[in-house]
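Reader: I'm in my first year and still learning how to look at protein structures. Could you take me through one part of this one slowly, and then show me how it sits in the whole?

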Amino acid sequence: MGTKPVQTKTKEQASSSATHVDLLIVGAGISGIGSAYHLQQQCPDKSYLILEMKDTFGGTWDTHKYPGVRSDSDLYTFGYRFKPWVGAPIASGEEILKYMGDVIEENGIEEHIRYGHRITRCSWSSKENLWTVVATRLADGATCNFTCNFLWMCQGYYDHENPYLPDWPGMDKYQGLLVHAQMWDPKTDYANKRVLVIGSGATAATVIPAIAEKAAHVTMLQRSPTYFFCSENKNELADRLREIGIDEPTIHRVVRAQVMYDQNAMTKRCQTEPDVVFEELKALVRLYAGEDFEFEPHFTPKYRVWQQRLAFCPEGDVFKAAAAGQLSVVTDTLETFTETGVRTESGEEIEADIIVAATGFRLSVMGNIPFEVDGKAVDWHDSVNYRGMMFTGVPNLVWVFGYFRASWTLRVDMLGDFVCNLLNHMDAIDAKRVEVALRESDQDMEILPWIAKDNFNPNYLMRDINRLPQRGAKPEWQHNQDYWSERDEIPATDLDGAEFVYDGKHHVDTEGAKAARG
């Protein structure tokens, strides 16, 4: 599909000359692989490479190796729209990697991936209308130079090598094993061990029931509770359609629509009747933990439902572990580590052989890669984002930043269409450079942080929000985290709107360009 694969150079060749392609995709995770598929399908004449720091594909699903690692979005929407998902809605990390591997193999994407390349600099030249990307090839230390017309940033939003670990007092005293969940070694033996998990979000909800199966006992220490959504790990509509012989592509399309409809209704209800929704969530918990399950004080959050990510709990496994006595919950603040565990501010001593810190991500903006535009360093916080994907002052670049309340991959597919439409439009009008700029009507617009705190406020986002690009008060100048409005708005984007600047000037639409866009 498309151009012939770009050949790998020797160390000497890599250091002395640049490899040129039309597009560079950064990252071979769920975003990068999906974007490559759309590029091949919709812009088959474009040459491209995927630069990936790891030695394999998968991104998140390769990074996280803790017990029980699984999706917390259903695979009918987390899976790509072009590749039917045929398993249970909540899938293991291993199953997701197999699904991605099938996409790579079926579409000839492997030959375009350059594994083990750590990007060290990205520089844009307006004189040449070209990105120069410098990377270190980890296998031999060679400096590899690439040039491209367009950068498609699909590296995600968190640091895969440096998770967030608070600097708790007394950590050096602890004699057991302390590990962040993101850095878990699968060889770790936790059978018949006392395990303390610090944190209560999606990672804790995943790792706790898996560890509880073998551990002597698990304790969860949380500063504040999290909302959980308990459900069977199946989709009745999908199962029924299979039972009556409907083909898998149709099942995927219909069930995907059903899940998105239900998610949209849930999101709206969390805003309009959060107390009612919480009562319904508690009723779902009781189906698995029993009618007499106590929610106070450990399972009554202080924030509104969906202001932070709702932790999915298939088969109520976390609450089954609690009801069975395999899990204890402590809601308190960690005061200090001790030789045998931790002590909380209330004075409770928790002894543990293994302590797992499920304390979240460390935000990474553009992979923490230094960027330059015409010799000037880019400070992303100085830019204003256009629909969370393009940024003022930075040409020929799109960042795939997915959804928090819906599956990340929904935006991968959506932006795949957008980028390909944009590239084809640029070809139609013979433009080499595109950037977004505030319009005359935007000059008095209020400029705000990336996202409103009362919209979505997990700690990892709030800690580093000043590193992210800013947003404007108008809908098009922000990532509104609303798939259900964007699914109509982004495909309808007027690529000749006043916010788009081509080759340094606004473009007046022509009949030829309109025809090229269909």
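Author: Let's begin with one pair of residues. In this predicted model, V195 stands opposite V218, a residue of strand β9. The two strands behind this pair are β8, residues 194-198, and β9, residues 217-222; they run parallel and are joined by five bridges.

Now step back to the sheet around them. β8 and β9 belong to an open sheet of five strands, ordered β7-β16-β8-β9-β12, with parallel pairing. At the edges are β7 (177-180) and β12 (327-331), each of which pairs on one side only. From one strand to the next, the twist averages 20°.

A helix lies against this sheet. Helix α6, residues 202-212, packs on the sheet and touches β8, β9, β12 and β16 (354-357). The direction of α6 makes about 160° with that of β9. How much of α6 is covered? Nine of the eleven residues of α6 are buried, so the helix is mostly covered. Among the buried ones are A204, V207, I208 and I211. For picturing the helix, one general point is handy: an α-helix has 3.6 residues a turn, so residues three or four places apart point the same way.

Strand β10 makes a good companion to look at next. In a regular strand the side chains alternate between the two faces of the sheet. Along β10, residues 228-231, you can follow this by eye: F228 and C230 point to one face and are buried, while F229 and S231 point to the other face and are not buried. β10 runs parallel to strand β11, residues 311-314, and four bridges join the two. Within that pairing, F228 stands opposite A311 of β11.

Loops deserve a look too. R362 sits in the loop between β16 and β17 (371-373), so you can find it by starting from β16, a strand of the five-stranded sheet. With a relative accessibility of 33%, R362 counts as partly exposed. Which residues does R362 touch, if those up to four places away in sequence are not counted? They are Y158, D159, N162, P163, Y164 and L165. Take P163 from that list: R362 and P163 are 199 residues apart in sequence, yet their C-alpha atoms are 5.2 Å apart in space.

Next come the charged side chains. Side chains of opposite charge can pair when their charged atoms come close. Across the whole structure, a search finds 29 salt bridges. One of them joins R387 to E489, with the closest N and O atoms 3.3 Å apart. This pair links distant parts of the chain: R387 is in the loop between β19 (385-386) and β20 (390-391), whereas E489 is in helix α13, residues 483-489, and the two are 102 residues apart. R387 has a relative accessible area of 11%, which is under the 20% cut-off, so it counts as buried. E489, at 32%, is partly exposed.

Another salt bridge pairs R137 with D140, and here the closest N and O atoms are 2.9 Å apart. R137 is buried, its relative accessible area being 11%, and D140 is partly exposed at 31%. In the pair of K234 and E232, the closest N and O atoms are 3.9 Å apart. K234 is partly exposed at 40%, and E232 is partly exposed at 37%. Salt bridges can also join up into a group: R439, D442, K474, E476 and E499 are linked in a network of them.

Finally, here is the whole chain around these parts. The protein chain has 14 helices and 25 strands. Its radius of gyration is 24 Å, close to the 24 Å that the globule rule gives for 518 residues, so the chain is as compact as a globular protein of that length. The C-alpha trace spans about 70 × 55 × 55 Å along its principal axes. Of the 518 residues, 56% are buried. Among contacts with a separation of 6 or more, 71% are between residues 24 or more positions apart. As for the outside, the accessible surface comes to about 22,100 Å², and 48% of it belongs to carbon and sulfur atoms.

Definitions and conventions: Residues numbered from 1 in each chain as written. Predicted model: local features only at pLDDT ≥ 70, side-chain atom pairs only at ≥ 80, totals over all residues. Heavy atoms only, no water. Pairing = 2+ DSSP bridges. Axes fitted to C-alpha atoms, helices over the stretch in contact; angles between N-to-C directions. Contact = heavy atoms within 4.5 Å. Rg over C-alpha atoms; globule rule 2.2 N^0.38 Å. Buried < 20%, exposed > 50% of the residue type's maximum accessible area, 1.4 Å probe, protein only. Areas by Shrake-Rupley, 256 points an atom, 1.4 Å probe, with all protein chains shown as cover. Salt bridge = Lys/Arg side-chain N within 4 Å of Asp/Glu carboxyl O.
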